[in-house]
Amino acid sequence: MTTIKLAFQLAYKNLMGAGLRTWLTVGVLSFAFVVIIFYNGLLDGWNQQAKKDSIEWEFGNGQLLNENYDPFDAFSLQDGHGILPDAGEKNLVPVLIRQASIYPEGRMLSISLKGIDTNQATLKLPTYLLKESTAERPVIIGNRMAASINMKKGDEVLLRWRDKNGSFDAANVTIVGVFDSDVSMVDNGQLWMPIGKLWEMTGLENHATLYVANKDYKHESIAGWEFKSLDLLLKDINDIISMKKVSGSIMYLLLLAIALLAIFDTQVLSVFRRQREIGTYISLGMTRIQVVALFTVEGSMNSLLATIVGCLYGVPLFIYLATTGIAVPQATQDMGLAIADKIFPVFGAGLILSTIALIVLSSTIVSFLPSLKIAKMNPVDALKGKIQ
Amino acid sequence: MKILITAILVFGSMIFYQNFPDGNMILQKVDDNMSSETNITESQMIIHGKRGSRTVISKGYTQGHNKSFTEYLAPDRDKGTKMLKLEDRLWIFSPSTDRTIQLSGHMLRQSVMGSDLSYEDMMEDRKLSEMYDVKVVGEETIDLRKSWVLELNAKVEDVSYVKRKLWVDQVRYVPLKEELFAKSGQLLKKTVMSDITKISNRWYPKKINFKDMLKDGKGTDFVVTLFSLM
């Protein structure tokens, strides 16, 4: 216990004595510490927000897809639909998707025409606007779609679609609402209308491409329909976040490597230049292991200082960012992932503690390795200061 | 009085329609004029866009209604692309990928080389008389040529356009104009044939303009530069 106390006292004294060299190492290490926490906190914040928004706007409590419908194959929309009796009693919201074209300002734009039950409360889509509207063919669109076709609430646009036999039909639809969602998958290139109206327009009475489950849904196997659980639907988001974490780690591991290299270098130099000191410790009765421990503590104390310094400027910064959020460019929000206007980073205790552990552990290892040389030293030669 | 008026109207309309020839007969004559056993054409497809026009040159070999082969000669981007149509099946060979793919389902509804024509439009080989009830509804003069106005209403369900209007030259029996309508009556596409030329006792339009009426722009011109009957 006394040895450890002595080791800390000596380490502190030596580090302070090294002056600028110590503070440079501590500075780089603390920066790596703050960057690791910031980057991972940002990704965790995005992850939480993306999952919450995707569940509220798109996935519900899972989706039941027609077996012929593949969300990644637009051509499967043609035949990927069917009738599921008693869907309402099974806590499912029907959604019928058809391909169509709109002609805003004389240009053609291919869109997905989606019919949804206007009484639903599973998704945050403001379908009540469709129910309340008196327009012949009411539709709601997202703000990204509204911006891309340069239209607003109350505007009319010509829609061309095909019925179940493939015959063309065309008529004006009225935009009765523009919603603001972070989930571009319910917004970009899409028109939402009452499913009853879409059934009437296409002749596909009671058909649905998919059903969105609410929180009371209990899945039982249904022939012709494939259930996608929430875990499966959120897999893409999880995969992207994991990938981002790995790619981002390269940047902060480089920073960490620079700091650790500085510690390693200092340790090698200390063992070489302080041979007389090492010899004296052993002559005074310290074992070689105790001397190794003393030098290791001195090296790893860099990481403790870095943690303290990092906290001094990192904590206020993290509190500020977690409160005000970080603005995300519009172009990034249109990429198909659920990204809000602002991401609020989440700095959990687990993240902070694991980062501290990573810094302390790695700096202890790089301090320990050069100190091992002490164990092989001849104490007499060391006292004489002979180069070993 | 009501009966009298109704009788006059019915009788009057019968007289009126009796002045026009039978629509099916006109369609048959159009078919006889336009159809040939085998032909080879070289053509230019001029696609007019907002940022200018581009021209796609192709050479086509057609046998009857159901078999055709087209090779694209220009521009460099499309050069070497080949298209084979056998009855209701269509294959495309792309030299850049060195692959042959068969188009089916929704893929047939895509635009051909960015034009106003879809593969489905090109694939249509059923006779109009098989798909539509034909009625002659009037006569008009187009480019100094007197023509019959034919109204075609679908009698089968699986047609893209439930209603068409066709203007047919009264002497040459070659179509001069066609309009395609949606179920709601909205005009969707318009085709104008011009530069009618006599080739081996048959009359052919050497220039056809396809126009999507819901879009701005001048549509797509299809110009036949070489036509030979075999």
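## Meeting chains A and B

Visitor: What share of the 230 residues of chain B counts as buried?
Guide: A residue is buried if 20 or more other C-beta atoms, placed from the backbone, lie within 10 Å of its own (exposed if 12 or fewer, partly exposed in between). Among the 230 residues of chain B, the share that counts as buried is 25%.

Visitor: What kind of model is this?
Guide: Residues are numbered from 1 along each chain as its sequence is written, while chains are lettered from A and ligands numbered from 1 in the order in which they are written. Local features need pLDDT of at least 70, side-chain atom pairs count only at pLDDT 80 or more, and totals for chains, interfaces and linings use all residues, for this is a predicted model.

Visitor: How many strands does chain B have?
Guide: Helices (H or I, at least four residues) and strands (E, at least two) are DSSP runs, numbered from the N terminus. The C-alpha trace of chain B spans about 75 × 40 × 35 Å along its principal axes. Within chain B there are 4 helices, and the number of strands is 13.

Visitor: How many residues does chain A give to the contact with chain B?
Guide: Two residues are in contact if their C-beta atoms lie within 7 Å. Chain B brings 17 residues to the meeting, and chain A brings 15.

Visitor: Which strand gives the largest share of the largest nonpolar core?
Guide: Such a core is a set of buried Ala, Val, Leu, Ile, Met, Phe, Trp, Tyr and Cys residues joined through C-beta atoms within 7 Å. The largest one has 54 residues, and those with the most contacts inside it include Val95(A), Tyr211(A), Val212(A) and Leu188(B). Its largest share is 7 residues, and they come from residues 92-102 of chain A, strand E2.

Visitor: Which residues in H11(A) meet H2(A)?
Guide: The axes of H2(A) and H11(A), residues 349-375, come within 10 Å and cross at roughly 145 degrees. From H2(A), the residues taking part include Leu29(A), Phe33(A) and Asp44(A). Their partners in H11(A) are Leu351(A), Ile352(A), Thr355(A) and Ile359(A).

Visitor: At what angle do the axes of H2(A) and H9(A) cross?
Guide: H2(A) covers residues 20-59 and H9(A) covers residues 288-324. The residues making their contact include Phe33(A) and Gly41(A) of H2(A), with Gly310(A) and Phe318(A) among those of H9(A). The two axes come within 8 Å, and the crossing angle is roughly 50 degrees.

Conventions:
Axes are lines fitted to C-alpha atoms, for helices over the stretch in contact, and angles run from 0 to 180 degrees between N-to-C directions.
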